[in-house]
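Good morning. I will go through one chain, starting with a term and then moving from strand to strand.

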Amino acid sequence: MRLVITVAWLSVVAGCAALTGVARAPAPAAAPAAVAPPPRATPDPRALVPPDRSLELDRAFIGRLGDRPIQVVRGLAPPIEGATPPTDPLLLPYSPRTYRAGVHEGIDFPARAGTPARAAAPGYVVRIDRDFTDWTAGELRTAIAEAVRLGYTPPDTLDRIRGRQVWIDQGRGVVTRYAHLSAVAAGLAVGDAVAVGQVIGAVGSSGFPEGGPHLHFEVRIGEGYLGSGLGADELARVIARAFGPGRLAEAGAAGAQGGLEDDLDGLGGDRPR
Ligand SMILES: [Zn+2]
């Protein structure tokens, strides 16, 4: 209200000055407005979406598992219609990415550019990079050289390499990420509820054109990701289970040692959305 009053008062003063013909020095040329860099990614989505209390509880629960591997997710639908999860180790999580001194954190589904990318489970959209601006070849080269020099891929670099993304929160600390998209589905907005199979974007190669069009699909679990730290056999089992029968509503986290799965099933009453 004070601002409105001040503005109104200033208008009156200006009006009086005009009416009385007070001589005024010409206004100095306005300094050029600072040009904001083009948006390239949504900031931390948790800052945009008020966290659902039950999701926070889920995350807290997963956090209590400490350093035990959390690898149980079931009932995901393939994010590309009719696709089966790849078996080529290079397309799976935890595969080395020496070009950037890092590891792969997702599952790559080969697909033509423009192929619809679909929600692998019901959930809520927590991030959309509708305005993603790809980096130039030079910027990408510089960032990769820096990663190699550091001996790891800095998070900002990794995030930009993932290109245009949509993230969906499935509850229980599970978030699926759809990366390298060429476009985001029209009308889709942060906070929207999505159904399994709903088209959320189109396959592309944003963020890392050299990789060619494919869907980079990540399943984040708590602070980690599905497949992290697993050897080939266990990884194959975990991925088969992720896309096997069951609903994500029944998904949970469990230690590879077993037993925790039952604990999770006993959570009850707080089905992820
Ligand atoms: Zn990938």
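First, the term. A residue is called buried if 20 or more other C-beta atoms lie within 10 Å of its own, exposed if 12 or fewer do, and partly exposed in between, with the C-beta atoms placed from the backbone. Take Gly207 as the example: Gly207 has 25 C-beta neighbours inside 10 Å, so it counts as buried.

Now, what you are looking at. This is a predicted model, in which local features need pLDDT of at least 70, side-chain atom pairs count only at pLDDT 80 or more, and totals for chains, interfaces and linings use all residues. Residues are numbered from 1 along each chain as its sequence is written. The score pLDDT is the predictor's confidence in each residue, from 0 to 100.

The chain has a mean pLDDT of 74, and 64% of its residues reach 70 or more. Residues 1-27 stay under 50, and so does the stretch 249-273. I also need the word contact: two residues are in contact if their C-beta atoms, placed from the backbone, lie within 7 Å. Counting contacts beyond four places in sequence, the model has two for residues 1-27 and 50 for residues 249-273.

For the chain as a whole, buried residues make up 35% of the 273 residues. Among contacts with a separation of 6 or more, 76% are between residues 24 or more positions apart. There are six helices and 12 strands. Helices (H or I, at least four residues) and strands (E, at least two) are DSSP runs, numbered from the N terminus.

Back to Gly207. Where is it found? Gly207 is in the loop between β10 (199-202) and β11 (214-221). Leaving out residues up to four places away in sequence, Gly207 touches Asp134, Arg160, Ile161, Arg162, Gly163, Ala179 and His180. Its C-alpha atom is 8.5 Å from that of Asp159, and those two residues are 48 apart along the chain.

Next, the pairing of strands. Two strands pair if DSSP finds at least two bridges between them. I start with β6, residues 164-171. How many of its residues are buried? Eight of the eight are, so β6 is largely enclosed by the rest of the structure.

Strand β6 has an antiparallel pairing with β5 (residues 123-128), over four bridges. In that pairing, Ile128 stands opposite Val166 of β6. Strand β6 also pairs with β7 (residues 174-181), again in the antiparallel sense, over six bridges. There Val166 is opposite Tyr178 in β7. The hairpin of β6 and β7 has two residues between the strands, and Arg172 takes a positive phi near 55 degrees.

Strand β7 leads us on to β11, since the two strands pair in the antiparallel sense over six bridges. The bridge partner of Val175 is Arg220 in β11. Seven of the eight residues of β11 are buried, so this strand too is largely enclosed by the rest of the structure. Four bridges join β11 to β3 in an antiparallel pairing, where His214 of β11 stands opposite Pro110. With β12 (residues 224-225), β11 pairs antiparallel over two bridges, and Arg220 stands opposite Tyr225. These two strands form a hairpin with two residues between them, and Gly222 in the turn has a positive phi of about 60 degrees.

There is also an open sheet of three strands, in the order β4-β10-β8, with antiparallel pairing. Its edge strands are β4 (116-118) and β8 (183-184), each pairing on one side only. Three bridges join β4 to β10, and Ala117 stands opposite Gly201 in β10.

Last, the core. A nonpolar core is a set of buried Ala, Val, Leu, Ile, Met, Phe, Trp, Tyr and Cys residues joined through C-beta atoms within 7 Å. Which residues touch the most other members of the largest one? Of its 39 residues, they are Val73, Ala117, Val166, Ile168, Tyr178 and Leu181. The elements β3 (107-110), β5, β6, β7, β10, β11 and α5 (232-242) each supply at least two residues of this core, and β7 gives the most, with five.

Tyr178 is a good place to finish. Apart from neighbours within four places in sequence, Tyr178 is in contact with Pro79, Ala117, Gln165, Val166, Ile200, Gly201, Leu215 and Phe217. That is the end of the tour.
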